[in-house]
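Me: I should like to learn how to read the features of a structure one at a time. May we begin with a single residue and then widen the view?

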Amino acid sequence: MPTSLQNDIGDRLSQALQHVSISEDAIEQLRYPKASLTVSIPVRMDDGSLRMFQGYRVRYDDTRGPTKGGVRYHPRVTLEEVQSLAFWMTFKCAVMDLPFGGAKGGIALDPKELSKLELERLSRGYIDAIADFIGPDVDILAPDMYTNATIMGWMMDRYSTIRRQHAPAVVTGKPLTLGGSQRRDTATAMGAYLAIATIMGKFSQKPNQTTVAIQGFGNAGAVLATELAQAGYKVVAVSDSQGGIYAKQGLNIPSLRQYKEANRSMKAVYCQGSVCNVVEHEVISNEELLQLDVDILIPAALGNQITGENAHKIRAKWIFEVANGPITPHGDRILASRGVQVVPDILVNAGGVTVSYFEWLQNRSGLYWRGEEVSQRLQERMVHETECVWSLAQEKDIDCRTAAYVRGLQRLGEAIVAKGTRDYYLS
Ligand code: NAD
């Protein structure tokens, strides 16, 4: 994983650089993370023993504002991976025109092996270790894989204790009672829905004629499936880590969610009251889901799902990336040669960081917004930036991923030049 993500940085940058003219200084600056911190975190375990954990925080570029990015708990977290994810965050914030740079953090561990108390001590220990590297005006944390609102609450509390002041804006994705924002939990899915509806609305094909397959039925995938089904799209297949289901006539998503919550497994069902009846469906593997003949495929689970190995088997016409990095650069090239349209993660899943920005604004002003206000502001920004990326792609005859990177590069390049480069001083 780290290797392909590293290659990804060079690949995405050089693709975009063919279509935008920015200063050499800016390009050179964007090739390297601004600061990378590696820490060892001592944790007293429940049995009294001491265990050391390796943690990271990378601030990739802060030209456009304080850096912003999630904290990931996963056994495969490495410094290289965190650097690549921080690079993506830099571009995601620039594409959405948020006044933030990009960052990421992580701890190498299997969170399922720790008790809740051990997890709390570790999360607080991480903040002890990186407290001088972060802050509401410096670097702002958020949840990522295997971290959640509860963990964000512990981190914010620890940071406030160290600083001897209330500092809610150092972390977003907090519980509502600790200064979290309304609708942060559904923001990624809502943003993805708005990106899909904006782009698909440009074509004559109606939602009820449009079939959709979604890999991943978690926070992002399940909420997005609900939104799409409500808008009339025909969601014919979904999957989780156990595998997937397919029903040609379309799945009843609310019933499916109800069944999955009650039984922890997936079946195509129709529920009335408390009774669920199984509807005819096929059980499929995740690999089969990716290869279904559908209009829209939505990877919303893991990275590196569509690669040089399976890209030639993809039959979907459109792919909207909700997961971070679900398609490798090699997979991307094969899909492009076969005419599959890909709309990239740095646009499609940016609803989460956008509402995180709203949370930061609310924390700093002390004025909290109603849910409708959050949704309306998210809609305005998401639709506007999607329209801009789409227009740029048409204007320059390039794919949407390259267009999104070009847009991010333009904004980053202008900001770096405005701070003063060699060209600026010589001209
Ligand atoms: P989640 O943990 O809530 O859900 C992940 C889902 O993927 C689960 O249903 C899980 O069963 C499924 N899954 C795991 N392995 C799988 C496999 N091999 N095949 C199919 N499904 C599998 O996570 P989430 O918050 O929904 O995030 C999903 C993706 O979206 C991640 O890549 C994440 O980085 C990205 N993302 C999420 C957010 C957010 O705010 N939630 C923001 C930006 C990006």
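Me: Does Gln362 count as buried or exposed, and at what relative accessibility?

Reply: Please bear in mind that the model is predicted. Burial is judged by a cut-off, under 20% relative accessible area. Gln362 counts as buried because its relative accessibility is 1%. This residue is found in helix H12.

Me: Which residues is Gln362 in contact with, leaving aside its neighbours within four places in sequence?

Reply: Gln362 is in contact with Ser181, Leu367, Tyr368, Trp369 and Val374. Of these partners, Val374 is itself one of the buried residues of H13.

Me: How should one read helix H13, and what span does it reach from its first C-alpha to its last?

Reply: The general idea concerns periodicity: an α-helix has 3.6 residues a turn, so residues three or four places apart point the same way. In this structure, H13 covers residues 371-396, 26 in number, and reaches 38 Å, close to the 38 Å expected at 1.5 Å a residue. Its buried residues include Val374, Leu378, Met382, Glu385, Cys388 and Val389. Asp397 follows H13 and has a positive phi, near 55°.

Me: What covers the buried residues of H13?

Reply: The cover includes helices H3, H6 (187-200), H11 (345-348), H12 (351-365) and H14 (400-418), together with strand E13 (318-320).

Me: How is a nonpolar core to be read, and which residues have the most contacts inside the largest one?

Reply: In soluble globular proteins, nonpolar side chains tend to be buried together. Here the largest nonpolar core has 89 residues, and Leu228, Val238, Ile298 and Phe320 have the most contacts inside it. Helix H3 (residues 79-95) supplies the largest share of this core, 10 residues. At least three residues of the core come from each of domain 1 (34-167) and domain 2 (187-343). A second, separate core of 28 residues includes Val43, Ile130, Ile134 and Leu141.

Me: Which residues does Leu228 touch, not counting those up to four places away in sequence?

Reply: Leu228 touches Tyr193, Ile196, Val212, Ile214, Tyr233, Val235 and Ile298. Ile298 is thus a partner of Leu228 and is also among the residues with the most contacts inside the largest core.

Me: Finally, which residues come nearest to the ligand?

Reply: Of the 19 residues around the ligand, Thr188, Asn219, Ala220, Asn286 and Ala301 come nearest. For Ala301, a polar backbone atom is 2.9 Å from an oxygen atom of the ligand. A polar backbone atom of Ser241 is 3.0 Å from a ligand oxygen atom, and for a backbone N or O atom of Gly218 the distance to a ligand oxygen atom is 3.2 Å.

Note on methods
Residues are numbered from 1 along each chain as its sequence is written. This is a predicted model: local features need pLDDT of at least 70, side-chain atom pairs count only at pLDDT 80 or more; totals for chains, interfaces and linings use all residues. Side-chain values use heavy atoms; hydrogens and water are left out. A nonpolar core is a set of buried Ala, Val, Leu, Ile, Met, Phe, Trp, Tyr and Cys residues joined through side-chain atoms within 4.5 Å. Buried means under 20% relative accessible area, exposed over 50%, partly exposed in between (1.4 Å probe, protein chains only). Helices (H or I, at least four residues) and strands (E, at least two) are DSSP runs, numbered from the N terminus. Domain bounds come from an automatic or database domain assignment. Contact means heavy atoms within 4.5 Å. The expected span of a helix is 1.5 Å times one less than its number of residues. A residue is near a molecule or strand if one of its heavy atoms lies within 4 Å of it. A polar contact is a pair of N or O atoms within 3.5 Å; within protein, one must be able to donate a hydrogen and the other to accept it, and residues adjacent in sequence count only if both atoms are side-chain atoms.
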